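Visitor: I'm new to this structure and would like a close look at a single part of it, the surface patches. Could you walk me through them and then show me how they fit with the rest of the chain?

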Amino acid sequence: MVSSTDEADGAIVNTCGFIAPAVEESIDAILDLEILRRSGKLKFLGIVGCLVNRYEKDLRSEIPSADLFARVGDLETIAKAMNGGSLCQDRVLLPGSPAWTRYLKISEGCDNRCSYCTIPGIRGRLASVPPEEVYREAARLVSEGAKEICLVAQDLSAYGRDLGDRVDLGVLIDGFEDRFRGEDLWFRLLYLHPGRVGRGLIERVASSDLFLNYMDLPVQHASNRVLEAMNRGGSEGDRALGLFSFARSLDPRFALRTTLMVGFPGETDEDFEILLEFLQTALIDRVGVFPFYPEEGTPAAEMEGQVVEEVKMERMERLFSLQERISYERQRTFEGEVLKVLVDECHPGEGYLEGRSFREAPEVDGVVEASLKTAVRPGEFVKVKVLEALEHDLVGEVVAP
Ligand code: SF4
């Protein structure tokens, strides 16, 4: 493994293809590498992942210089093309990936049929990883140095529905508690369908020493009419609000994240006002906002009442500016507090470190920046006193290792 294509003999592009910008990004990466492949600088070019699931035929005819096309999870085909057929059991981290923060996928695929979403078509039906395998993998990550394990899936809350009545996310969390209780590491839950999350699960998380009081519940919208058209049953705006306020009733500091979509077909000004009101009431820490993309092959792409781009952009702007104020107010409630922070970067020369507390998931949320007197290693926990809140980040000083 090398960290730049200049040093590489071969390259594999692991593609994403669920919405138009992801498709474009993947294609840009492929085209850049295709130039190197055609000039002979690269001896091998592989294209793997979701884009192949979605557009294999087109890719094969448009990128004839590629040496390999493999669908999601088809490791054998990749191994055969690169290694003469055998899968190597060892694994190495990609260059630049931290060993202390890792993702653990507990299921693949999705049985929900949100009307705008290509993922069930690309990834197939829900297939949960059996609990014992999940625990084994978690233990392996810990033995490799993990201090933070983020559980991920297309929909974490569906975990175990294909494994019989006895397994669900709550049961899985209990098993983690039994195995890792008392260890200096933390677990984080990303991507939970709000329609499937009950108060019991939130209580389970809030009472856990291992699982952080952090939940990512993508509600997408708050107008019941729009949610129904999205085929997101059970995630009515009032119900989602109830979940958020229940989490905060258990812990006022509970970190909440969501994703919203604007410009879904048929979304009226009134629907949008409902969404604004929702944000104002829910006081969510962090919100991602996306415009609706009419994706080929989805029912929503064919729906009447498509919203023009200009209106989508204007609605996005309004949501962003409202949420900026809310995020900042949430950030300010942490001024003066001492937070446990997992160090991602340390710059002793410049006298500061960068890390994340329970409130910041890797890559998507802000960071905590803190001044320090003595160097610490990335992957260690330190205590930081927050001195100043910025819109996305917190600034403070290290008060204890
Ligand atoms: S739950 Fe998520 S992955 Fe599943 S269909 Fe809906 S948006 Fe797509």
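**Patches on the surface**

Guide: Happy to. Let's start with charge: Glu24, Glu25, Asp28 and Asp32 make up a negative patch on the surface. Keep in mind as you look around that this is a predicted model. To find one member of that patch, Glu24, go to helix α1, which covers residues 20-39.

Now for a patch of another kind. Met1, Val92 and Leu94 come together as a nonpolar surface patch, and their accessible area adds up to about 370 Å². Take Val92 as your way in: look for Val92 in the loop that runs between α3 (75-83) and β4 (101-105). Val92 has a relative accessible area of 62%, so it counts as exposed, the cut-off being over 50%.

Let's step back to the whole chain. The domain assignment splits it into domain 1 (6-83), domain 2 (101-332) and domain 3 (338-400). Between the centres of domain 1 and domain 3, taken over C-alpha atoms, there are 37 Å.

For a contrast with Val92, try Leu394, which sits in strand β16 (residues 394-400). Leu394 is buried because its relative accessible area is 0%, and buried means under 20%. You can also use Leu394 to get a feel for distances: Tyr55 is 339 residues away from Leu394 in sequence, and their C-alpha atoms lie 42 Å apart in space.

So, back to where you began: the negative patch has Glu24, Glu25, Asp28 and Asp32, while the nonpolar patch has Met1, Val92 and Leu94.

Note on methods. Residues numbered from 1 in each chain as written. Predicted model: local features only at pLDDT ≥ 70, side-chain atom pairs only at ≥ 80, totals over all residues. Heavy atoms only, no water. Patch = residues over 30% accessible without salt bridge, like charges linked within 9 Å, V, L, I, M, F, W, Y side chains within 5 Å. Areas by Shrake-Rupley, 256 points an atom, 1.4 Å probe, with all protein chains shown as cover. Salt bridge = Lys/Arg side-chain N within 4 Å of Asp/Glu carboxyl O. Lys, Arg positive; Asp, Glu negative; His and termini not counted. Charge placed at Lys NZ, Arg CZ, Asp CG, Glu CD. Helix = DSSP H or I, 4+ residues; strand = E, 2+ residues; numbered from the N terminus. Buried < 20%, exposed > 50% of the residue type's maximum accessible area, 1.4 Å probe, protein only. Domains from an automatic or database assignment.
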